[in-house]
Amino acid sequence: MSFDEDSLYADVVGEIETENKVLVIKRIAITLHLSADEEDRETVERVLEVYEDSCPVARSIRGCIGITSQLDLTIRQAA
């Protein structure tokens, strides 16, 4: 797989609630936007399924803050 700086970006939204007058992050929703070749689709989907287990931040907050991830995959047209 090959990517340039415009091939992958993420939108991340944190949902904050108040507990005892303190703002607390309760949920984080991540949308990954990726442009890839059709031949890479299976690899991309497999990585999305397991990346949280290898992410230090996700592992640190697991159980404390809900994390959801989704993929917005755009298949590049063959040249």
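**Values set against their cut-offs**

Guide: Arg-41 counts as partly exposed, at 30% relative accessibility. The model examined here is a predicted one.

Visitor: Why is Arg-41 called partly exposed?

Guide: Buried means under 20% relative accessible area and exposed means over 50%. The 30% of Arg-41 falls between these limits, so the residue is classed as partly exposed.

Visitor: What makes the contact of Glu-38 with Arg-41 a salt bridge?

Guide: The closest N and O atoms of Glu-38 and Arg-41 are 3.1 Å apart. A salt bridge requires a side-chain nitrogen of Lys or Arg within 4 Å of a carboxyl oxygen of Asp or Glu, so this pair qualifies. Glu-38 is partly exposed, with a relative accessibility of 44%. In total, the structure holds six salt bridges.

Visitor: With which residue of strand β1 does Arg-27 form a salt bridge, and how do you know?

Guide: Arg-27 pairs with Glu-15, their closest N and O atoms being 2.8 Å apart; because this is within 4 Å, the pair counts as a salt bridge. Arg-27 lies in strand β2 and Glu-15 in strand β1, so the contact ties together parts that are 12 residues apart in sequence. Their C-alpha atoms are 5.1 Å apart in space.

Visitor: Why are Glu-15, Glu-17 and Arg-27 described as linked in a network?

Guide: Arg-27 also forms a salt bridge with Glu-17, with the closest N and O atoms 2.8 Å apart. This second pair joins strand β2 to strand β1 across 10 residues in sequence. Because Arg-27 bridges to Glu-15 as well as to Glu-17, the three residues are linked in a network of salt bridges. Each of the three is partly exposed: Arg-27 at 34%, Glu-15 at 36% and Glu-17 at 34%.

Visitor: What makes β1 and β3 the edges of the sheet?

Guide: The sheet is open and has three strands in the order β1-β2-β3, with mixed pairing. β1 (8–19) and β3 (66–75) each have a single partner strand, so one side of each is left without a neighbour in the sheet. The twist averages 15° from one strand to the next.

Visitor: Why is the pairing called mixed?

Guide: β1 and β2 run antiparallel and are joined by 12 bridges, whereas β2 and β3 run parallel and are joined by 10 bridges. Two strands pair if there are at least two bridges between them, so both counts satisfy the criterion. Among the facing residues, Glu-17 has Val-24 in β2 as its bridge partner, and Ile-28 stands opposite Ile-67 in β3. β1 and β2 form a hairpin with two residues between them, and Asn-20 in the turn has a positive phi of about 50°.

Visitor: How do you know whether Leu-23 is buried or exposed?

Guide: Leu-23, in strand β2 (residues 22–36), has a relative accessible area of 66%. That value is over 50%, so Leu-23 is exposed. Together with Ile-16 and Ile-25, Leu-23 forms a nonpolar patch on the surface, with about 320 Å² of accessible area.

Visitor: How many disulfides are there, and how do you know?

Guide: The count is zero. The sulfurs of Cys-55 and Cys-64 are 14 Å apart, and a disulfide requires a pair within 2.5 Å, so neither cysteine is in a disulfide. Cys-55 is partly exposed at 24% relative accessibility, while Cys-64 is exposed at 62%.

Conventions
Residues numbered from 1 in each chain as written. Predicted model: local features only at pLDDT ≥ 70, side-chain atom pairs only at ≥ 80, totals over all residues. Heavy atoms only, no water. Buried < 20%, exposed > 50% of the residue type's maximum accessible area, 1.4 Å probe, protein only. Patch = residues over 30% accessible without salt bridge, like charges linked within 9 Å, V, L, I, M, F, W, Y side chains within 5 Å. Areas by Shrake-Rupley, 256 points an atom, 1.4 Å probe, with all protein chains shown as cover. Helix = DSSP H or I, 4+ residues; strand = E, 2+ residues; numbered from the N terminus. Axes fitted to C-alpha atoms, helices over the stretch in contact; angles between N-to-C directions.
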